[in-house]
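Open the model in your viewer and keep the sequence panel beside it. This tour tells you what to select next and what is there.

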Amino acid sequence: MSELLKITDFSVNYKIGKKQLSAIKNVDLTVNEGEITAVVGESGCGKSTLAYSIVQLLDKRKSSVSGSILYQGKELVGLKAKEMVKIRGKEIGFIFQNPLDSLNPVIKSGNQVVEAICLDGIDRKTAFEKTQTLYERVKMSDPLHQMSQYPHELSGGMRQRVMISMMVSREPKLLIADEPTTALDVTIEAEILQLLSELKEKNNTSVLLITHNLGVVSKIADKVAVMYAGQIVEFGKTEDVLKNPSHPYTQMLLKAIPKGTKHDVKLESIPGTVPRFYDTNQGCRFYNRCPMAQKKCEAFAPEKVKIDNIHYCYCHLLGGEHVEGTTD
Ligand SMILES: Nc1ncnc2c1ncn2[C@@H]1O[C@H](COP(=O)(O)OP(=O)(O)OP(=O)(O)O)[C@@H](O)[C@H]1O
Ligand SMILES: [Mg+2]
């Protein structure tokens, strides 16, 4: 399977006063064509920062980036703004957690999708028909009616469908979805996840799915990258990582998935919070929360260890073959 997006040794620092906050550090991640790759981790671990930086949505005055992000072999880091405009939307679509942030409140929902389609030189009549078809595809109950409604007249699930229609309308090769279902109830969540899977199956669209929920990952992701404090600590095929979680953080995240019915929830919370790194620390970033931490964990950063096939983990506690290079 060919690589669509290849992120190598990528780091992001936020400027906070005179300090630098290291939000992403030395991330390697590859998204293949026609696959759903999930990035999972707790709040504050840098998922959105990573997603936003791919399409240059970070404020350049308040952040600095280094490393490489290749999209179909083209370097996106440092790409001129006018070049990025050609890629954002057309090549890489972005679905935000809260669709109200990106939908215009004073334009009818359907017109917003029509306008997006017209950006590619398509006439309004064709764009209108295409929008109607897209609304049917994302399972809007009454497409013509919902096209004539303003965003505030639609439910949260419907707004997310408008957002997805708009992003899909230009047939991007890669969709970045930043917590697309977090604000929705479980039934709508299941429908939206189903939609993303269909896009992958029917259009060969690749999806980079950002979530804090391993339950969501297990339902639709082909591959998963577990992120902690700005670093990827484990990567592999979803089934491999879920069956054989190798990093102590992944193991703790898995224990924190609610089990049983709504009335019988056994949730083990993970003690502590994701730290913020203002200096370049030497050791493992999970050190102070890891129940198995040893002296060397504080002193040295762990190397990449191959677990199996394309399953990798960064942890001192694992023996095994140390490997160089990117996660694929
Ligand atoms: N614009 C910013 N300026 C300064 N610090 C920021 C900025 N945006 C994010 N951060 C910090 O960077 C770190 C990573 O934040 P980010 O929003 O990427 O995390 P996240 O994994 O997406 O969290 P969540 O699950 O809550 O959305 C956090 O410590 C956050 O406080
Ligand atoms: Mg986020």
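**Stop 1: Phe235.** Select Phe235. This residue is buried, because its relative accessible area is 2%; buried means under 20% relative accessible area, exposed over 50%, and partly exposed in between, using a 1.4 Å probe and protein chains only. Phe235 sits in strand S10. Helices (H or I, at least four residues) and strands (E, at least two) are DSSP runs, numbered from the N terminus. Now add Tyr314. The two residues are 79 apart along the chain, yet their C-alpha atoms are separated by 9.2 Å.

A word on what you are viewing. This is a predicted model, in which local features need pLDDT of at least 70, side-chain atom pairs count only at pLDDT 80 or more, and totals for chains, interfaces and linings use all residues. Residues are numbered from 1 along each chain as its sequence is written, chains are lettered from A and ligands numbered from 1 in the order in which they are written, and side-chain values use heavy atoms, leaving out hydrogens and water.

**Stop 2: the loop before S10.** Step back to Ala229. It lies in the loop between strand S9 (223–228) and strand S10 (231–237). Its phi is near 45°, a positive value in a residue other than glycine. Is Ala229 buried or exposed? Ala229 is buried, since its relative accessible area is 4%.

**Stop 3: helix H10.** Select residues 248–255, which make up helix H10. The helix is mostly covered, with 6 of its 8 residues buried. Those are Pro248, Tyr249, Thr250, Met252, Leu253 and Leu254. What do they pack against? Their partners are helix H8 (214–220), S9, S10 and helix H9 (238–243). Contact here means heavy atoms within 4.5 Å.

**Stop 4: Leu209.** Go to strand S8, residues 206–211, and pick Leu209. Leu209 counts as buried because its relative accessible area is 1%. Show its neighbours. Leaving aside residues up to four places away in sequence, Leu209 touches Ile36, Thr37, Ala38, Val39, Ala177, Pro180, Leu196, Val216 and Ile220. For a distance check, pick Pro172. Its C-alpha atom and that of Leu209 are separated by 15 Å, with the two residues 37 apart along the chain.

**Stop 5: the open sheet.** Colour four strands. They form an open sheet in the order S2-S1-S4-S5, with antiparallel pairing. S2 and S5 are the edge strands, each pairing on one side only. Helix H1 (residues 47–54) packs on the sheet and touches S1, S2 and S4; its direction makes about 115° with that of S1. Axes are lines fitted to C-alpha atoms, for helices over the stretch in contact, and angles run from 0 to 180 degrees between N-to-C directions.

Zoom in on S1 (residues 3–16) and S2 (residues 19–32). They pair in the antiparallel sense over 10 bridges; two strands pair if DSSP finds at least two bridges between them. Look for Asn13 opposite Ser22, and for Lys15 with its bridge partner Gln20. S1 and S2 form a hairpin with 2 residues between them, and Gly17 in the turn has a positive phi of about 60°.

Turn to S4. S1 and S4 run antiparallel and are joined by 8 bridges. Lys6 stands opposite Leu70 there.

**Stop 6: Gln72.** Follow the chain out of S4. Gln72 lies in the loop between strand S4 (63–71) and strand S5 (74–75). Its phi is near 50°, a positive value in a residue other than glycine. Gln72 counts as partly exposed because its relative accessibility is 41%.

**Stop 7: the nonpolar core.** Select Leu29 and Leu76. Of the 87 residues in the largest nonpolar core, these two touch the most other members. Such a core is a set of buried Ala, Val, Leu, Ile, Met, Phe, Trp, Tyr and Cys residues joined through side-chain atoms within 4.5 Å. Beyond residues up to four places away in sequence, Leu76 touches Leu5, Ile54, Gln56, Ile69, Tyr71, Met84, Ile87 and Ile92.

**Stop 8: ligand 1.** Finish at the ligand. Of the 14 residues around ligand 1, Ser43, Gly44, Lys47, Thr49 and Arg276 come nearest; a residue is near a molecule or strand if one of its heavy atoms lies within 4 Å of it. An N or O atom in the Ser43 side chain is 2.5 Å from an oxygen atom of ligand 1. For Ser48, a polar side-chain atom lies 2.9 Å from a ligand 1 oxygen atom.

Methods
Polar contact = N/O pair within 3.5 Å; in protein donor to acceptor, adjacent residues only side chain to side chain.
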